[in-house]
Amino acid sequence: MGILFGVTGILLNHRGTLKINAAKTDRIERELLLPDPKPENIEVFAAWLQAELGLNEKWSRLRSQQPREISWGGESVTQPEKWSVSLSNPKRGYSAEYWVGNAYTTVRQFDRNVFAFLNRLHMASGMGVAWILLADTIAGSFIILSLTGILLWTRLHGPRLLAAALGLGSLTLAIFFIWRAF
């Protein structure tokens with residue numbers, strides 16, 4: 001697991017600088033005709049869409065945006081209610097939007113290659129609580145490994161211990177001030 005996190009961490013850290021385009025996501029967009037009668041709420045819409053797409057997982061995010069007044073061509077018009085549902089796991093993601101009253105809904109499907117899959121595992125995107133706890137455990141073990149390495153380097157005496165204390169103290173203060181700034 002540590003090797004997986006290390007490799008994906010390097011890919012994530014250097015993707016902009018070294019122009020590593022290993023992680024790719026294919027996007028497919030399509031429109032689905034809604035059944036008659038149209039869904040009366042977002043939960044019914046999500047259930048219909050789940051059956052229509054043949055998905056076993058439940059939608060992870062359901063959002064409803066209430067109708068509102070907007071300016072269109074210099075006139076004030078009422079924008080209808082908008083329903084958005086999404087589902088994501090490391091390999092594939094779906095998102096759908098429906099403007100209440102339309103005869104169709106727009107569905108986007110995101111298919112990820114192996115590197116994008118590994119990056120999403122690294123970020124714990126679309127994963128369950130067990131995976132997030134595992135990722136936190138690995139991160140915690142890296143912290144403990146670093147701290148024990150510093151303690152071994154200092155041999156717990158003399159100038160090295162003072163240097164380590166000054167370095168860790170400075171790092172702690174820097175993190176504190178950055179945290180307070182936000």
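These questions and answers concern a predicted model of one protein chain.

Q: What makes the protein chain more spread out than a compact globule?
A: The globule rule gives 16 Å for 182 residues. The radius of gyration is 24 Å, well over that value, so the chain is more spread out than a compact globule. Its C-alpha atoms fill a box of roughly 80 × 40 × 30 Å along the principal axes. Of the 182 residues, 26% count as buried.

Q: What is the order of elements along the protein chain?
A: From the N terminus they run α-β-α-β-β-β-β-β-β-α-α-α. That comes to five helices and seven strands.

Q: How do you know that the span of helix α2 agrees with its number of residues?
A: Helix α2 covers residues 42-53, twelve residues. At 1.5 Å a residue, the expected span is 16 Å. The end C-alpha atoms are 16 Å apart, which agrees.

Q: Which residues of α2 are called buried, and what do they pack against?
A: Buried means under 20% relative accessible area. In α2, Ile42, Phe45, Ala46, Trp48, Leu49, Gln50 and Leu53 are buried. The buried residues of α2 pack against β1, β2, β5, β6 and β7.

Q: Why is asparagine 41 called a cap of α2?
A: A polar contact needs N or O atoms within 3.5 Å. A side-chain oxygen of asparagine 41 lies 3.1 Å from the backbone nitrogen of glutamate 43, at the N-terminal end of α2. Just after α2, glycine 54 takes a positive phi of about 70°.

Q: What is the peptide bond from aspartate 36 to proline 37, cis or trans?
A: Omega is near 5°, and the bond is cis. Proline 37 sits in the loop between β1 and α2. Most peptide bonds are trans.

Terms used:
Residues numbered from 1 in each chain as written. Heavy atoms only, no water. Helix = DSSP H or I, 4+ residues; strand = E, 2+ residues; numbered from the N terminus. Expected span 1.5 Å × (residues − 1). Buried < 20%, exposed > 50% of the residue type's maximum accessible area, 1.4 Å probe, protein only. Contact = heavy atoms within 4.5 Å. Polar contact = N/O pair within 3.5 Å; in protein donor to acceptor, adjacent residues only side chain to side chain. Rg over C-alpha atoms; globule rule 2.2 N^0.38 Å.
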